[in-house]
Protein chains: 2
Amino acid sequence: MHSIEELRNIFLAYLQTENKIIEPKNLYEPNHYFLQIGGKRLRPLLLLLATDIFDGEIEQSLAASLAIEYFHNFTLIHDDVMDKAPLRRGFTTIHEKYNLNTAILSGDVLMIKACEYLAKVNEKYFKTVFDVYTKTAIEVCEGQQYDIDFETKEVVTHDEYIEMIRLKTSVLLAASMKIGAILGGAKKEDTELLYQYAENLGIAFQIQDDILDCYGDEKLVGKQPGGDIIQNKKTLLLIHAIEKSNANNDKRLDEILKQSVFNNDEKVNNVLAIFNTYNTKAFGIEKRDMYIQKSIDALEKINLNSEKKAVLNSLIDYLVMRDF
Amino acid sequence: MHSIEELRNIFLAYLQTENKIIEPKNLYEPNHYFLQIGGKRLRPLLLLLATDIFDGEIEQSLAASLAIEYFHNFTLIHDDVMDKAPLRRGFTTIHEKYNLNTAILSGDVLMIKACEYLAKVNEKYFKTVFDVYTKTAIEVCEGQQYDIDFETKEVVTHDEYIEMIRLKTSVLLAASMKIGAILGGAKKEDTELLYQYAENLGIAFQIQDDILDCYGDEKLVGKQPGGDIIQNKKTLLLIHAIEKSNANNDKRLDEILKQSVFNNDEKVNNVLAIFNTYNTKAFGIEKRDMYIQKSIDALEKINLNSEKKAVLNSLIDYLVMRDF
């Protein structure tokens, strides 16, 4: 088996070969730029890892891993427009560096390139892989829509929130592993179990993100905590605290959220104090651990030897039980 | 064989069955709206016609025909954003009726739905059909990029213009017929010839559009002639007149194009007078007829009986030699 570092290098070399600027330059140069500003390359790595773990040839999975990375970057380019984000990974976003039309059209062609690369997989797996891909791609758009809807929706339950993050983030991680496993020649039931493993891992990963944004160590996370609180972002923690406040007829949180002028540190401290009243952090940890357990349960049922299961187990620690 | 009217009714009934508003409504309702404001449904009809003409079962081609219509509407939704167009077919465009983010995201999901429907074709043809589709979809984006580039490009040759309209408009018409023929069980060489037939027909169709915008009968075309001239739109005719003006060191056209304040009728008349000097209309007709001839040449080589060739021949008259 290859190490994650080896897989990353193989993927990056392939990306560099394929990600060329061709004519019309104004269409392809922005994508070339966006793809070389970095990122964890998590999805292609999960895909290649899944192929590797089922003893498939990772060379046979490179095109699919690039397809998934292209698709993911297409969603980022369009999401940045929708969020009016000036920066991505510390670099200027496409619509800022070029313009709105470029962000739309270069994003569009990137998503079609994703399809083109997906069609390069071994033909005997193509239809199966493609059905996983389209189902997932549609879900990702639905997740993004729910995320937009939640900004203005009066009441969002924590179940609705988890369904949103499942669609927006988790299913693409899960599909990456499933596609990798399919291309690695895994049995259908194992590809399904691997999907469940990664789907639940993805939800836990996102919940951990919400926790770290409030309780992370600034030095490790690399940014000041409380960013989500300052923006009234409906994370799992805030949703929990709102639910508890409403149940207890406690108006404090509602008043803080309605303030248009405030001191950032004060707001963060006041909200964290309310989280404290309702054991919101513990609720988040409990939910996170529930999804980790679901992930482990799926993992245990997969038909793999203990050494390979250990690799997948360590991925849980690496991705979720992190403090960065 | 079915008549065009029968094919249209079958397609529209299928569209109505499939085009449902599901959750999240804010994602799917805009597409439902956009797809029911009409349009000629030219691409799905060409696809179904091609299947029919090769004695295939059109029911087997309905999903692919919807895929093409979905893809085409995705490009229209995003093009309307890029062109800042308030209306499409007399109805409010998505970004105007809803907002920019809705136009981007609903467009995105529509293009993925196109892939989903394409995957419903008979599995033995799927890979072949899908490769035609992705190649074409990429070309359509490239055509749109060239169209954007040409707005600010100093010199556009008429060959560059024709390549742009081939990519932006023609290849999707051609791919529709090719996919229809593949699904109808046509031989490879016949699917290629049908592609050439429709590709050249599409170019002739677009040139005729340019001619009608200048010389069409207002009552038949349904709009005042000269719209392209008023907007300085680089059509084949304007490009020809610019090329001739430059060759003759004639500054009149250049001066007219640079005017920021002008009377519409006067501008149209003055430009048409210059077109007249250089036989620009005749040049347009000559080019159009050259592509019609290429279309006929391809048609003649297709392995079809004369009755079926006559249907395709009448399509040339219907689509190109129109005065509306």
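**Two chains, from a loop residue to the interface**

Let me begin with a single residue, Asp55(A), which has 12 C-beta neighbours inside 10 Å and therefore counts as exposed, given that the cut-off for an exposed residue is 12 or fewer. Please keep in mind throughout that what we are looking at is a predicted model. Asp55(A) sits in the loop that runs between helix 3 (42–53) and helix 4 (62–82) of chain A, and its phi is near 60 degrees, a positive value in a residue other than glycine.

There is another residue of this kind further along the chain, namely Asn249(A), where phi is near 55 degrees, again positive and again in a residue other than glycine. Asn249(A) belongs to the loop between helix 12 (236–247) and helix 13 (252–258) of chain A, and with 6 other C-beta atoms within 10 Å it is exposed. In chain B, Asn249(B) comes just after helix 12 and takes a positive phi of about 55 degrees.

While we are on the backbone, I would also draw your attention to the peptide bond from Glu23(A) to Pro24(A), which is cis, with omega near -5 degrees; Pro24(A) is located in the loop between helix 1 (4–18) and helix 2 (25–36) of chain A. In chain B, a cis peptide bond joins Glu23(B) and Pro24(B), with omega about -5 degrees, and Pro24(B) is in the loop between helix 1 (4–18) and helix 2 of that chain.

Let me now step back to chain A as a whole. Chain A has 16 helices and two strands, and its C-alpha trace spans about 60 × 50 × 35 Å along the principal axes. For 324 residues, a compact globule would have a radius of gyration near 20 Å, and the 21 Å of chain A agrees with that. Of those 324 residues, 47% count as buried, and if we take the contacts in chain A with a separation of 6 or more, 73% of them are accounted for by residues 24 or more positions apart.

From there we can look at some individual helices, starting with helix 8 of chain A, residues 158–183, whose 26 residues reach 36 Å from the first C-alpha to the last, close to the 38 Å expected at 1.5 Å a residue. Where does helix 8 of chain A bend, and by how much? The bend is at Ser170(A), and it amounts to about 50 degrees. Since 20 of its 26 residues are buried, helix 8 of chain A is largely enclosed by the rest of the structure. Just after this helix, Gly185(A) takes a positive phi of about 85 degrees.

In helix 9 of chain A, residues 188–215, we find Ile211(A), which counts as buried because it has 20 C-beta neighbours inside 10 Å. Leaving aside residues up to four places away in sequence, Ile211(A) touches Lys281(A), Gly284(A), Ile285(A) and Arg288(A). The C-alpha atoms of Ile211(A) and Leu236(A) are separated by 8.6 Å, although the two residues are 25 apart along the chain.

Turning to chain B, helix 12, residues 236–247, has twelve residues and reaches 17 Å from its first C-alpha to its last, which is close to the 16 Å expected at 1.5 Å a residue. Its buried residues are Leu236(B), Leu237(B), Leu238(B), Ile239(B), His240(B), Ala241(B) and Ile242(B), and they pack against helix 8 (158–183), helix 9 (188–215), helix 13 (252–258), helix 14 (264–277) and helix 15 (280–301) of chain B.

Finally, how do the two chains relate to each other? Chain B can be laid on chain A with an RMSD of 0.0 Å by a turn of 180 degrees and a shift of 0.0 Å along the axis. The two copies are thus related as by a two-fold rotation axis. The same surface serves both copies, in that 100% of the contact residues of chain B recur in chain A.

As for that surface, 32 residues of chain B are in contact with 32 residues of chain A. On the side of chain B that touches chain A, helix 2 (25–36), helix 4 (62–82), helix 6 (100–118) and helix 7 (123–152) each supply at least two residues. Which helix of chain B gives the most to this side? Helix 7 does, with 15 residues. Sorted by class, the side of chain B that touches chain A has 18 nonpolar, six polar and eight charged residues.

Terms used
Residues are numbered from 1 along each chain as its sequence is written. Chains are lettered from A and ligands numbered from 1 in the order in which they are written. This is a predicted model: local features need pLDDT of at least 70, side-chain atom pairs count only at pLDDT 80 or more; totals for chains, interfaces and linings use all residues. Helices (H or I, at least four residues) and strands (E, at least two) are DSSP runs, numbered from the N terminus. The expected span of a helix is 1.5 Å times one less than its number of residues. Two residues are in contact if their C-beta atoms, placed from the backbone, lie within 7 Å. The radius of gyration is taken over C-alpha atoms; the globule rule is 2.2 Å times the number of residues to the power 0.38. Copies are superposed by least squares on the C-alpha atoms of residues with pLDDT of at least 70 in both. Ala, Val, Leu, Ile, Met, Phe, Trp, Tyr, Cys and Pro count as nonpolar, Asp, Glu, Lys and Arg as charged, and the others, Gly among them, as polar. The bend at a residue is the angle between axes fitted to the seven residues ending there and the seven starting there.
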